Amino acid sequence: MTQIKTPRTSTTTLKRFPYVHHDPSTLPRSLDPFTITTSTGFMPFIMSPTHLPEPFEPLVALLDRMPVTKLDGTPGLLATYELGPAVAELPDLTAEVDKLVTADGSPDLYAVTAVFRDYSFLASAYLLEPCWENWCKNPDNGYGLGRDFLPRAVACPMYRCAQLLDIPPFMSYAAAYSLFNYTVAEPSKGLSYPNLRLVRAFEHGLDPKSSEAGFILTHVDMVKESKGLISGALKVVDTLEQAGTRSEVNDGFREILASMEKIEASMEDMWANSKPQDYLSFRVFIFGITSQSMFPNGVIYDGVLDNQPLFFRGESGANDSMIPLLDHLLEIPMPSTPLTKILHEFRAYRPLPHRTFLAYMNAKAAEVGVRSYAVHDTETTILFLKTLNHVRSFRWRHWLFAREYIIRRTPHPTATGGSPIVTWLPNQLSAVMDMMISMYDTYLAPQKDAPTGANGSRGYDAAYQKQVEPMMEMVKDQREKLAKEVEKWCKERGV
């Protein structure tokens, strides 16, 4: 395996993440495809396959027939609510999952993830098909009840894949719905947005111009820029661990800021790529079981865990790893509330390599004292504050999406992941705003008239103030606006 020339990297980091600076094209398929590298960030280090190994042809054939609109433009099984009977004809291929191995006999986790993705799409479509029918025929009456029994031919192979990947056996954001569910129309054109295509879809998403495709592929387009977050964050903590220079730490923050500029520019394209009025339709298929009215008694997975009812959270962009990485690096304190508890529960739905890396960064940032180091220099403080501002901006835009795509259009009280639709995002957004205001008031505002900053560095002079003051005015105004909006929506919904 080829190791790319690396920046300052601590032995602790290399020991925990031996492949982080390797050339992704040299990594074996026995690794989890979400093994993190500084070249691919939180994306899979290898693009997902569009087809499964031959033994899974019955599954592929059923998925090809499944969407509301098939690839050839004709109606599929979900268009006529006929998926349920078709699933009954599917053979149990659980034994085939353990035959997915590499040349040395190790589990082929690349193939396993692809099989997991496909069973996840089938499971969600099957469980939520009655809700889809209810919504299509009379959306004002809500979703009704989903199926509460998942047949063995779907439950067992999906569960076995989940065991091998160490993730819950349900539709997940990274390993199924988004980040392992794209391909490209022309390999030579790379991952430019117009070249991205979906592998699996529920409604009209096999048409790349559809809102369903736009919703999923915009997430892919965002996460492809996450490599700068990984390399920048590592530069910060590794430099601090090895007592490197402040300029190296500042360069790490600048790398993160450059990456976030690209990520947020892509995020803003969501409005054009996926129309707000279309979202509620394909959204039906990505609800979970936990805290959802459609599954009051959970779901029995036939042949799994003694057929006890199971509860899983649904697919959610909140399961993405980019903003949680910055939460940890910047040591953002979250309020001790039930809403934050949901944030912690979402961690289990990320790929194992993501969970491991985020946990490491959480511990390492606290150990080397990223925040306390930053505030002892004016320039670093401002870079830190600008990074916080990107977390705020990202979360604010996410709130706007939730408001315009969902809250204004449906009284359903919970998001797809099972969190309260009105109050959950503001819980985290308010925490970031509060930290920004606290840092500004404590470390920058008192310096306004000081000739120099700490340790003789340039003080908070007019040039710095021009960068920071408008940003902080916006944050304070936005915090007041958010509080009023949340109060308004809670009152209207009786929350």
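What follows walks through the cavities, a small sheet and one helix pair in this structure. The model is a predicted one, so everything below is computed from its coordinates.

Start with the empty space. The cavity search turns up 3 cavities of 30 Å³ or more. The largest cavity holds about 650 Å³ of space, and 38 residues line it. Nearest its centre sit Ser316, Gly317, Ala318, His398 and Leu425.

As for where that lining comes from, several helices chip in. At least two lining residues apiece come from α7 (173-177), α8 (211-223), α12 (276-283), α13 (322-329), α17 (378-407) and α18 (424-444). Of these, α17 gives the largest share of the lining, at 7 residues. Sorted by class, the wall of the largest cavity has 24 nonpolar residues, along with 9 polar and 5 charged ones.

Two of the helices that help line the largest cavity, α12 and α17, also pack against each other, with their axes 8 Å apart and an angle of about 75 degrees between them. Since angles of 65 to 115 degrees count as roughly perpendicular, α12 is roughly perpendicular to α17. On the α12 side, the contact is made by Pro276, Tyr279, Leu280 and Arg283, and these meet Glu404, Tyr405 and Ile406 of α17. By class, this contact between α12 and α17 has 5 nonpolar residues and 2 charged ones, with no polar residues in the mix.

Then there is the sheet. It is an open one, built from 3 strands in the order β1-β4-β5, and its pairing is mixed. At the edges are β1 (149-150) and β5 (309-310); each has a single partner strand, so one side of each goes without a neighbour in the sheet. Strand β4, which covers residues 299-301, pairs with β5 in the antiparallel sense, over 2 bridges. Within this pairing, Ile300 has Pro309 of β5 as its bridge partner.

Methods
Residues are numbered from 1 along each chain as its sequence is written. This is a predicted model: local features need pLDDT of at least 70, side-chain atom pairs count only at pLDDT 80 or more; totals for chains, interfaces and linings use all residues. Side-chain values use heavy atoms; hydrogens and water are left out. On a 1 Å grid over the protein atoms alone, a cavity is a set of points where a 1.4 Å probe fits but cannot get out, and a pocket is an open set with protein on both sides within 12 Å along at least five of seven lines; lining residues have an atom within 4 Å of a point. Grid points are joined across faces, edges and corners, and a volume is the space filled by probe spheres set on the points. Helices (H or I, at least four residues) and strands (E, at least two) are DSSP runs, numbered from the N terminus. Ala, Val, Leu, Ile, Met, Phe, Trp, Tyr, Cys and Pro count as nonpolar, Asp, Glu, Lys and Arg as charged, and the others, Gly among them, as polar. Two strands pair if DSSP finds at least two bridges between them. Axes are lines fitted to C-alpha atoms, for helices over the stretch in contact, and angles run from 0 to 180 degrees between N-to-C directions. Angles under 35 degrees count as roughly parallel, over 145 as roughly antiparallel, 65 to 115 as roughly perpendicular and the rest as oblique. Contact means heavy atoms within 4.5 Å.
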